[in-house]
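This report is a first guide for a reader who has not met this structure before. It asks where empty space is left among the atoms, how certain helices pack, and which details of the backbone deserve a second look.

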Amino acid sequence: MSKKEKLVKAITSRDEDFSQWYTDIVTQAELSSYSSVRGCMIVRPYATALWELIRDDLDRRFKETGHENVIMPLFIPESLLQKEKDHVDGFAPEVAWVTHGGDEKLSERLCVRPTSEVLFCDHYSEIIESWRDLPKLYNQWVSVVRWEKSTRPFLRTREFFWQEGHTAHATAEEAIKETKDILELYADFFEETLAIPVIKGVKTESEKFAGAETTYTVESMMYDGKALQSGTSHYFGDGFAKVFDIQYTDQENQLRYVHQSSWGVSSRSIGGIIMVHGDDDGLVLPPAVAPIQIAIIPVAQHKEGVLKKAAELYDLLKENYRVKLDDSDRMPGWKFSEYEMKGVPLRLEIGPRDIENNSCVLVTRDNREKIIVPLEELEERIPGILKEYRQRLYDKAKAHRASHSYTAGSSEEFFDLLENKPGFVKGSWCGSANCEAEVKERTGATARCITNDKVTDNDVCMICNEAATSHVIWGKAY
RNA sequence: CGAGGUGUAGCGCAGUUGGUAGCGCGCUUGCUUUGGGAGCAAGAUGCCGCAGGUUCGAGUCCUGUCACCUCGACCA
């Protein structure tokens with residue numbers, strides 16, 4: 001079989017039809033299934049394992065930085081949701097309502113949480129009294145519901161899984177520091193753990209979270225050049241505190257409002273992993289979150305000693321890695337394709353020839369390079385091989401982003417790039433919502449984030465030609 | 001929620017002017033195979049999305065409805 005020929009015919013080529021490719025991966029790699037509830041997905045065991053690893057990594061980071069997990073109710077009374085105007089305006093159109101308990105109509109309808117700011121605020125108003133109670137660094141791992149019109153597995157579903165951190169601080173400075181620290185935490189998580197390069201920045205007024213003063217974001221670029229908002233961290237100032245009356249007494253016996261932040265990363269990140277790293281043979285998973293890191297495939301397993309040796313290697317490696325020994329009666333070639341489809345970083349082949357040479361064959365998922373390793377070197381070689389593998393994923397994604405990123409020097413160039421080149425376009429902006437809306441109308445692209453690049457006197461708005469106040473990354477988004 | 005498309009076996013599909021259900025893959029069992037999705041043989045699997053209607057007779061025609069897909073609008 002030629003190298004160029006697609007090994008797995010079941011997957012549509014990425015370049016031919018990207019969204020069909022995405023759907024194929026999701027079903028073929030057994031990540032999710034459609035459920036009987038429209039817009040909600042079944043997260044299958046493989047994707048659940050992936051999500052658990054993502055969760056564990058983030059959770060460890062949160063706990064290392066002093067955060068505590070809590071669990072808030074699934075429901076929000078309508079009156080509570082109504083309290084903060086911007087917030088309710090932002091979410092009301094897409095909330096699901098519970099109106100009955102059994103046969104009885106509820107005196108007040110309950111919404112299924114689309115996010116939990118108001119629940120945390122309500123709770124904080126009761127438990128915070130003194131400066132000694134601060135800061136409160138809470139997080140929860142839950143699912144939320146937003147009644148989306150059109151849905152796609154992992155990227156947009158009516159119920160999705162996430163963590164939402166909600167913190168309360170004595171001062172604005174402290175809350176802003178928290179907001180930014182979390183942004184850094186998220187960036188590091190995406191880059192190190194998921195090998196996905198991100199751009200950090202601030203959302204524009206029209207793109208920021210409903211009720212926030214400032215929204216920070218990490219944005220990543222998918223293979224098709226579209227952006228995925230991968231994590232957000234919001235600074236609330238004391239806006240919610242004033243509405244929900246969250247006050248504490250400071251060291252001078254003065255009543256003060258707390259300053260708050262909230263931040264979240266969702267199961268959407270799974271969609272990001274698929275669309276950044278995946279290829280025409282299936283998923284490609286970063287080692288840190290791969291449910292199976294090494295797949296051991298015995299070759300000619302009916303021959304004496306093969307399964308025994310494979311089992312020995314399994315026992316050796318399972319101490320430090322998530323290993324799967326596939327001794328099913330499938331053909332070896334079938335197994336190769338199967339674990340490539342599932343994005344397993346490393347395949348270990350062991351057959352009679354290897355046993356004779358006291359070695360085995362390691363194959364890395366991304367480039368399919370075959371490395372023959374003497375068995376006595378196996379344990380010491382694997383960490384380096386996985387490290388280089390992760391680095392290749394990251395470098396490849398970064399190079400792809402670089403080759404699909406542009407800086408517009410003029411208005412014509414700006415609109416031409418956005419209309420004709422998939423990817424990110426950096427362009428200076430005057431700060432007006434009208435100009436932003438015009439870009440969206442003409443090109444479908446939105447302001448992904450404001451960078452902290454310096455603005456000079458020569459920089460003008462790409463839309464209206466007035467003096468620019470910031471540099472913005474523009475792009476079409478999921 | 002707008003425009004278009006598709007619903008027939010687990011999956012992908014065929015099914016002619018209306019005449020009573022088929023192919024490929026997968027699944028089960030057995031034998032032979034095993035270094036890139038094996039071969040042969042024997043099996044199993046259907047309220048033709050759902051509800052009405054026309055007809056002696058409907059997968060096929062009509063009406064309604066639901067679901068899914070693609071593209072817009074809205075959004076993590």
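What follows describes a predicted model, beginning with its pocket and cavities, then turning to helix packing and the backbone.

## The largest pocket

Rolling a probe the size of a water molecule over the atoms shows where empty space is left. In this model the largest pocket has a volume of about 980 Å³, and its lining is made up of 38 residues, of which Arg146, Glu148, Arg156, Gln229 and Arg268 lie nearest the centre. Sorted by class, the lining residues of this pocket comprise 11 nonpolar, 16 polar and 11 charged. Among the elements of secondary structure, helix H4 (85-91) and the strands S8 (159-169), S11 (227-237) and S14 (259-266) each contribute at least two residues to the lining of the largest pocket.

## Cavities

How many cavities of 30 Å³ or more does a search of the whole structure find? The search finds 3, and the two described here are the largest and the second largest, whose volumes and lining classes are set out below.

| Cavity | Volume | Lining residues by class |
|---|---|---|
| Largest cavity | about 60 Å³ | 6 nonpolar, 1 polar, 4 charged |
| Second largest cavity | about 40 Å³ | 4 nonpolar, 4 polar, 1 charged |

The largest cavity is lined by Ala295, Phe336, Tyr339, Glu340, Val344, Leu346, Arg347, Val363, Thr364, Arg365 and Arg368. Two or more residues of this lining come from each of helix H10 (332-341), strand S17 (346-350) and strand S18 (359-364), and H10 gives the most, with 3 residues.

Around the second largest cavity stand Glu117, Phe120, Cys121, His166, Thr167, Phe236, Phe240, Gln260 and Ser261. Helix H5 (117-127), S8 and S14 are the elements that give two or more residues to this lining, with H5 giving the most, at 3 residues. Strands S8 and S14 also supply at least two residues each to the lining of the largest pocket.

## Packing of helices

Helix H8 appears in two of the contacts described here, and its partners are H1 and H2. Helix H1 (residues 18-28) packs against helix H8 (residues 268-277) at an angle of about 115°, the two axes lying 11 Å apart, and this crossing is right-handed. On the H1 side, Phe18, Trp21, Tyr22, Ile25 and Val26 take part, and they meet Gly271, Ile274 and Met275 in H8. By class, this contact between H1 and H8 has 7 nonpolar residues and 1 polar residue, with no charged residues.

The other partner, helix H2 (residues 45-64), has an axis that comes within 10 Å of the axis of H8 and crosses it at roughly 105°. Because angles of 65 to 115 degrees count as roughly perpendicular, H2 is described as roughly perpendicular to H8. In this contact Ala47, Leu50, Trp51 and Ile54 of H2 meet Ser269, Ile270 and Ile273 of H8, and the residues divide into 6 nonpolar and 1 polar, with no charged ones.

Further along the chain, the axes of helix H13 (residues 411-420) and helix H14 (residues 433-443) come within 10 Å and cross at roughly 45°. H13 and H14 are therefore oblique to each other, and their crossing is right-handed. Phe414, Phe415, Leu418 and Glu419 in H13 meet Val439, Arg442 and Thr443 in H14, and this contact includes charged residues, dividing into 4 nonpolar, 1 polar and 2 charged.

## Details of the backbone

Most residues other than glycine have a negative phi, and most peptide bonds are trans. Two places in the model can be read against that background. Which residues does a cis peptide bond join? They are Leu134 and Pro135, with omega about -5°, and Pro135 is placed in the loop between H5 and strand S7 (136-145). The second place is Phe154, which has a positive phi of about 70° although it is not a glycine; Phe154 is found in the loop between S7 and S8.

Technical notes. Residues are numbered from 1 along each chain as its sequence is written. Chains are lettered from A and ligands numbered from 1 in the order in which they are written. This is a predicted model: local features need pLDDT of at least 70, side-chain atom pairs count only at pLDDT 80 or more; totals for chains, interfaces and linings use all residues. Side-chain values use heavy atoms; hydrogens and water are left out. On a 1 Å grid over the protein atoms alone, a cavity is a set of points where a 1.4 Å probe fits but cannot get out, and a pocket is an open set with protein on both sides within 12 Å along at least five of seven lines; lining residues have an atom within 4 Å of a point. Grid points are joined across faces, edges and corners, and a volume is the space filled by probe spheres set on the points. Helices (H or I, at least four residues) and strands (E, at least two) are DSSP runs, numbered from the N terminus. Ala, Val, Leu, Ile, Met, Phe, Trp, Tyr, Cys and Pro count as nonpolar, Asp, Glu, Lys and Arg as charged, and the others, Gly among them, as polar. Axes are lines fitted to C-alpha atoms, for helices over the stretch in contact, and angles run from 0 to 180 degrees between N-to-C directions. A crossing is left-handed if the near helix is turned anticlockwise from the far one by less than a right angle, and right-handed if clockwise. Contact means heavy atoms within 4.5 Å. Angles under 35 degrees count as roughly parallel, over 145 as roughly antiparallel, 65 to 115 as roughly perpendicular and the rest as oblique.
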